[in-house]
Amino acid sequence: MNNRRHFLKKAVTGAAAFGVPSIVPSSVFGQNAPSNRITMAVFGWGMMGPGNTNSFMNEADCQVVAACDIDKQHLEAAVNTVNKKYGNTDCKPYHDYRELMARKDIDTVMLALPDNWHALVAIEAAKNGKDIYGEKPLARTIAEQQAIVNAVKKYNRIWQTGSWQRSTGDFRQAAEFVRNGLIGTLKEVHVGLPGGHNDFAGTKDKTAVTPPPAHLDYEMWIGPAQMQDYIEARVHKNWRWDYNIGGGQLLDWIGHHCDIAHWGMDCDNSGPTEVKPISATFPPRTDVWNTATDYRAEATYAGGVKMVLANRGGDIQPGTKWIGTDGWVWVDRGGYDSSKPELKQKYNSRERDGKVVEKARAAVLGDDVLKTKLYKSPGHHRNFLDCVKSRQPTITPVETAHCSAIPGHLALIALMTNSTIKWDPVKQAILDNAEASKHLGREYRAPWKLEA
Ligand SMILES: NC(=O)c1ccc[n+]([C@@H]2O[C@H](COP(=O)([O-])OP(=O)(O)OC[C@H]3O[C@@H](n4cnc5c(N)ncnc54)[C@H](O)[C@@H]3O)[C@@H](O)[C@H]2O)c1
């Protein structure tokens with residue numbers, strides 16, 4: 001154990017002994033002197049890495065000390081950003097994640113890598129005693145997710161998933177309404193996700209096979225996935241639309257809206273028993289972007305609750321909608337709404353879907369009504385740092401992330417194999433379907449190996 005973590009442990013034990021709250025305020029750590037800060041290394045400087053890193057650098061008790069990327073241009077941008085923030089030249093660049101993970105003076109890591117890399121890098125972090133802020137979805141396959149869960153448990157690490165919606169008031173409030181039975185008995189849940197593909201990198205037309213640019217280690221970028229020609233349109237940011245690396249819109253968003261759906265359903269540690277394919281449009285597998293452009297599947301949970309997982313449109317609104325015997329509650333990034341006047345949010349007559357939303361009073365319900373209180377986080381990144389100190393679970397621990405993504409993985413398998421999947425959520429296994437079971441994991445390209 002390095003000195004810093006030893007110090008953190010002592011501070012927490014001392015605080016707990018006096019019966020103070022388990023979340024230790026940063027003032028306990030003195031003046032947040034650099035030697036007392038939680039050290040962090042950041043991995044992946046693409047779409048998500050910079051935002052996460054800035055959030056951590058804005059916390060006075062966290063110090064980013066190293067960055068890793070296999071694209072030299074991205075790595076340089078990462079190091080420059082961190083050094084500019086601190087006004088020094090202390091941030092060290094790394095190409096190989098294993099070298100950086102081996103550094104003993106680093107407490108925590110922030111992982112914002114393409115999905116093909118989630119498992120190997122997270123497991124390496126856990127083995128090296130780092131606490132982990134890891135992006136959603138937990139991994140590219142269910143088997144990889146299970147391996148991450150096992151490693152985090154085995155090495156007793158704190159894990160926060162990038163499912164940040166849980167750390168915002170609207171999502172918590174909406175889920176609390178459902179958990180307190182305010183829409184009666186739950187019957188149906190809609191998880192409305194985007195369809196199509198988004199050209200995040202502006203590379204849609206760069207579909208020619210070319211040599212990879214000199215600044216990118218393409219061999220490493222492909223990592224454990226299958227080797228394929230370099231085509232710019234399917235590398236940075238747009239890898240999501242290629243099943244070799246990502247899982248399309250369904251898996252890109254499952255860790256957000258299904259995560260919230262499960263929170264309201266009280267399913268953070270469970271899952272469906274059956275997933276049925278309804279419809280999907282898959283481009284030919286040989287297309288540069290080959291992930292489903294529209295999709296719909298239905299999952300059944302204990303007690304017969306049905307979940308529709310689909311691209312938004314028609315009867316499916318974007319976000320999460322819970323429908324009960326007494327009404328519905330819906331939530332998305334713009335706010336929440338309900339069929340019940342007392343659960344409506346004050347929208348200030350904002351326009352939504354072309355309609356002026358009725359100005360209704362903010363939901364102010366007493367503790368006698370909202371008896372079940374959900375985990376309230378002070379902010380997603382802050383919550384991670386607090387939990388690193390307190391050694392208490394974060395708002396989205398690894399098991400939650402695993403269960404939140406499973407319905408998406410199963411829906412994709414059901415749609416790809418056009419078969420109804422029977423799932424045992426306790427054993428975490430597909431029952432009586434050898435063809436579908438093949439999709440639970442995938443072959444790793446040598447020399448990479450997944451340790452279960
Ligand atoms: N929580 C959210 O709201 C949110 C939003 C966007 C993306 N994400 C997630 O963040 C993750 C990253 O997505 P992105 O859009 O930022 O991807 P990106 O392609 O923009 O960036 C990934 C970066 O990782 C680097 N990289 C790839 N393999 C590496 C390796 N082995 N070692 C070091 N660096 C490596 C790439 O060079 C690139 O700079 C994904 O899991 C995605 O789902 C989350």
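What follows is a conversation about helix packing, a ligand shell and a few backbone details in a predicted model.

Reader: Let's start with helix 2 and helix 3. What makes helix 2 roughly parallel to helix 3?

Author: The angle does. Helix 2 (residues 49–57) and helix 3 (residues 72–86) pack at about 20°, with their axes 11 Å apart. Angles under 35 degrees count as roughly parallel, so helix 2 is roughly parallel to helix 3. The crossing of helix 2 past helix 3 is right-handed.

Reader: And which residues in helix 2 meet helix 3?

Author: Gly-49, Pro-50, Thr-53 and Met-57 are the ones in helix 2, and they meet Ala-78, Thr-81, Val-82 and Lys-85 in helix 3. Sorted by class, that contact has four nonpolar, three polar and one charged residues.

Reader: Now helix 9 and helix 11. Why is helix 9 called oblique to helix 11?

Author: Look at the numbers first: helix 9 (residues 248–265) and helix 11 (residues 398–417) pack at an angle of about 125°, and their axes are 8 Å apart. Roughly perpendicular covers 65 to 115 degrees and roughly antiparallel needs over 145. An angle of about 125° fits neither, so helix 9 is oblique to helix 11. Helix 9 passes helix 11 in a right-handed crossing.

Reader: What is that contact made of?

Author: From helix 9 come Leu-250, Leu-251, Ile-254, Gly-255, Cys-258, Asp-259 and His-262. Helix 11 brings Ala-401, Cys-403, Ser-404, Ala-405, Pro-407, Gly-408, Ala-411 and Leu-412. By class, the contact of helix 9 with helix 11 splits into ten nonpolar, four polar and one charged.

Reader: How do you know that helix 5 is roughly parallel to helix 6?

Author: Helix 5 (residues 118–127) packs against helix 6 at an angle of about 10°, with the axes 9 Å apart. The cut-off for roughly parallel is under 35 degrees, which means helix 5 is roughly parallel to helix 6. On the helix 5 side, the contact uses His-118, Ala-119, Ala-122, Ile-123, Ala-126 and Lys-127. On the helix 6 side, Glu-144, Ala-147, Ile-148, Ala-151 and Val-152 take part. That contact has eight nonpolar, one polar and two charged residues.

Reader: On to the backbone. Where are the cis peptide bonds?

Author: One joins Lys-136 and Pro-137, with omega about -15°. Pro-137 sits in the loop between strand 5 (131–134) and helix 6 (142–154). Another joins Ala-446 and Pro-447, where omega is about 10°. Pro-447 belongs to the segment after helix 12 (434–437).

Reader: What is the phi of Asn-418?

Author: Phi of Asn-418 is near 50°, a positive value in a residue other than glycine. Asn-418 lies in the loop between helix 11 and strand 16 (421–424).

Reader: Last, the ligand. How many residues surround the ligand, and which are the closest?

Author: There are 29 residues around the ligand, and Gly-44, Gly-46, Met-47, Glu-135 and Gly-162 are the closest. The shell has 15 nonpolar, seven polar and seven charged residues.

Reader: Which domains does the shell draw on?

Author: Domain 1 (3–165) and domain 2 (169–200 + 230–374 + 399–440) each supply at least three residues.

How values were computed: Residues numbered from 1 in each chain as written. Predicted model: local features only at pLDDT ≥ 70, side-chain atom pairs only at ≥ 80, totals over all residues. Near = placed C-beta within 6 Å. Nonpolar A, V, L, I, M, F, W, Y, C, P; charged D, E, K, R; others polar. Domains from an automatic or database assignment. Axes fitted to C-alpha atoms, helices over the stretch in contact; angles between N-to-C directions. Helix = DSSP H or I, 4+ residues; strand = E, 2+ residues; numbered from the N terminus. Left-handed = near helix turned anticlockwise from the far one by under 90°. Contact = placed C-beta atoms within 7 Å.
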